[in-house]
Amino acid sequence: MKECIAMLLAGGQGSRLYALTKKLAKPAVPFGGKYRIIDFPLSNCVNSGIDTVGILTQYQPLLLNEYIGNGQPWDLDRLYGGVHVLPPYQTATGSDWYKGTANAIYQNINFIERYDPEYVLILSGDHIYKMDYGKMLEFHKDSNADCTIAVLEVPWEEASRFGIMTADENNVITKFEEKPKEPKSNLASMGIYIFTWEKLRKYLTEDEADKTSSNDFGKNIIPNMLADQQRMVAYPFEGYWKDVGTIDSLWEANMDLLDPNVPLDVWDPEWKIYSRTSGRPGHYIGTGALVDNAMLTEGCSVEGTVANSVLFAGARVEKDAMVESTILMPGAVVEEGAEVYYSIIAENVTIKKGAVVGARPENVEDKSKWGVAVVGEGVTIGENAKVGPKAMLEKDVQDGENLW
């Protein structure tokens with residue numbers, strides 16, 4: 001018997017990341033030089049003492065499955081428990097894709113009951129944060145709650161983007177609205193839930209029987225429990241948390257790693273973020289290179305200029321090349337004399353000699369046309385080509401082509 005097991009929802013398509021998720025699931029997108037997004041909830045689990053994690057995959061799962069492997073990098077290779085990848089599968093009554101977050105958990109009730117847990121922790125695989133789930137579990141037990149929802153105060157102007165909770169002075173949730181147009185509170189759901197398993201199983205079963213349901217936690221399970229006056233409490237979280245489901249938020253979260261005023265410390269030895277590293281040699285900075293406020297991972301080679309940027313394993317910046325406020329994912333190459341500004345460059349992209357990708361915001365007259373440029377996996381930008389801000393490239397760009 002396990003007191004608490006975690007179920008990590010990692011099957012989302014991540015359509016708002018466009019070219020970056022064309023060939024891989026959103027939780028597998030590289031982040032912060034040496035990580036992938038899923039490293040954060042997995043590391044939080046092991047640091048919190050939760051050693052049984054089911055990872056629910058669906059969209060483009062190949063690389064994610066390969067990355068997770070037996071869970072050894074996160075100390076989750078256990079004989080009893082550990083990490084388990086849980087894709088949709090065929091049963092005697094047929095097979096179906098996961099229809100929603102609640103349906104994904106419902107389809108894996110048998111997996112959960114193998115461990116006979118008292119509590120189930122539900123997580124999303126697309127958030128960047130550090131959190132002790134053990135403290136949240138103690139809060140859940142002390143509150144005698146049926147459901148505990150982690151919440152974060154967000155700016156009022158952003159509240160309509162989230163599921164919003166209203167809670168009383170004892171943190172008891174009295175109202176929940178999914179992305180309200182006129183929010184009455186700024187307590188946003190972080191998509192992190194702890195349920196008493198007996199209660200959750202009942203509501204999952206009832207929800208599955210309702211043919212009109214969207215089979216979603218935010219749209220169905222939580223409102224239904226609240227309507228039935230189940231005891232639901234808000235767990236206030238203080239610290240860094242970022243939903244990296246959009247191009248802008250993914251770029252911002254990477255840049256936050258370079259900001260000393262942002263409380264996201266991936267170097268903290270007391271709360272390590274574990275990953276499956278590349279095993280490459282140390283990074284190389286050549287004679288005449290200039291590196292300023294950058295994160296360079298093993299296997300990088302820099303002979304040009306890199307400023308305010310994050311470089312993953314095997315990224316290469318050649319002589320006289322300029323990379324500024326940019327994320328270069330594994331294997332990306334910026335050839336001699338090329339310039340890259342305010343961009344996300346996916347894995348194994350080649351930006352050839354003299355090409356220019358993106359732009360500094362101050363160099364764009366119409367600010368509505370400025371934004372982060374994105375180049376998808378394996379794309380080649382031809383010599384002396386020009387790619388403007390807000391670009392979203394999934395195909396090669398020819399030599400000299402102008403896409404401004």
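Which residue in S30 does Val357 stand opposite? The answer comes in point 2, along with some other features that caught my eye. Please keep in mind throughout that this is a predicted model.

1. Let me begin with the open sheet. Seven strands make it up, in the order S15-S18-S21-S24-S27-S30-S32, and their pairing is parallel. At its edges are strand S15 (290-292) and strand S32 (402-403), each of which pairs on one side only.

2. Inside that order, strand S27 (residues 356-357) and strand S30 (residues 386-387) run parallel and are joined by two bridges. Here is the reply to the opening question: Val357 stands opposite Val387 in S30.

3. A hairpin is also worth a look. Strand S9 (residues 163-167) pairs with strand S10 (residues 173-178) in the antiparallel sense, over five bridges. Ala167 has Ile173 in S10 as its bridge partner. Five residues lie between S9 and S10, and in the turn Asn171 has a positive phi of about 70 degrees. You may like to inspect that residue on your screen.

4. Now to the charged pairs. The count of salt bridges comes to 17. One of them joins Asp126 to Lys26, with the closest N and O atoms 2.7 Å apart. Asp126 sits in the loop between strand S6 (119-124) and strand S7 (127-129), while Lys26 sits in the loop between strand S1 (4-9) and strand S2 (30-31), so this pair ties together parts that are 100 residues apart in sequence. Asp126 and Lys26 are both buried.

5. Another salt bridge brings together the side chains of Arg36 and Glu347, at 3.5 Å from N to O. Since Arg36 belongs to strand S3 (residues 35-36) and Glu347 to the loop between strand S25 (343-345) and strand S26 (350-351), the contact ties together parts 311 residues apart in sequence. Both Arg36 and Glu347 are buried.

6. Is each partner in the pair of Glu208 and Lys99 buried or partly exposed? Their side chains meet in a salt bridge (3.5 Å, N to O). This pair links distant parts of the chain, 109 residues apart: Glu208 is in helix H6 (residues 197-209), and Lys99 is in the loop between strand S5 (82-85) and helix H3 (101-106). Glu208 has 16% relative accessibility and therefore counts as buried. Lys99, at 45% relative accessibility, counts as partly exposed. Elsewhere, Lys2, Asp51, Asp75 and Arg78 are joined into one network by salt bridges that share partners.

7. What lines the largest cavity? There is one cavity of 30 Å³ or more, and the largest cavity has a volume of about 80 Å³. Its lining consists of Ala19, Leu20, Lys22, Lys23, Leu24, Val29, Pro30, Met329, Ala346, Glu347 and Glu377. By class, those residues divide into seven nonpolar, no polar and four charged. Domain 1 (2-258) and domain 2 (284-393) both give residues to this lining, so the cavity lies between them. Glu347, in the lining here, is also the salt-bridge partner of Arg36.

8. The largest pocket holds about 1200 Å³ of space. It is lined by 41 residues, of which Lys26, Thr101, Ser124, Asp126 and Asp216 are the closest to its centre. That brings back a familiar pair, as Asp126 forms a salt bridge with Lys26. At least two lining residues come from each of H3, S10, strand S11 (187-196), helix H7 (217-227) and strand S13 (241-243). The lining has 13 nonpolar, 18 polar and 10 charged residues. For the reader following the hairpin, S10 is the strand that pairs with S9.

9. A last stop is helix H8 (residues 247-256), which is mostly covered, with eight of its 10 residues buried. The buried residues in H8 are Ile247, Ser249, Leu250, Trp251, Ala253, Asn254, Met255 and Asp256. Met255 has a relative accessibility of 9%, which is why this residue counts as buried. Between the C-alpha atoms of Met255 and Ser160 there is a separation of 25 Å, and the two residues are 95 residues apart along the chain.

How values were computed
Residues are numbered from 1 along each chain as its sequence is written. Side-chain values use heavy atoms; hydrogens and water are left out. Two strands pair if DSSP finds at least two bridges between them. Helices (H or I, at least four residues) and strands (E, at least two) are DSSP runs, numbered from the N terminus. A salt bridge is a side-chain nitrogen of Lys or Arg within 4 Å of a carboxyl oxygen of Asp or Glu. Buried means under 20% relative accessible area, exposed over 50%, partly exposed in between (1.4 Å probe, protein chains only). On a 1 Å grid over the protein atoms alone, a cavity is a set of points where a 1.4 Å probe fits but cannot get out, and a pocket is an open set with protein on both sides within 12 Å along at least five of seven lines; lining residues have an atom within 4 Å of a point. Grid points are joined across faces, edges and corners, and a volume is the space filled by probe spheres set on the points. Ala, Val, Leu, Ile, Met, Phe, Trp, Tyr, Cys and Pro count as nonpolar, Asp, Glu, Lys and Arg as charged, and the others, Gly among them, as polar. Domain bounds come from an automatic or database domain assignment.
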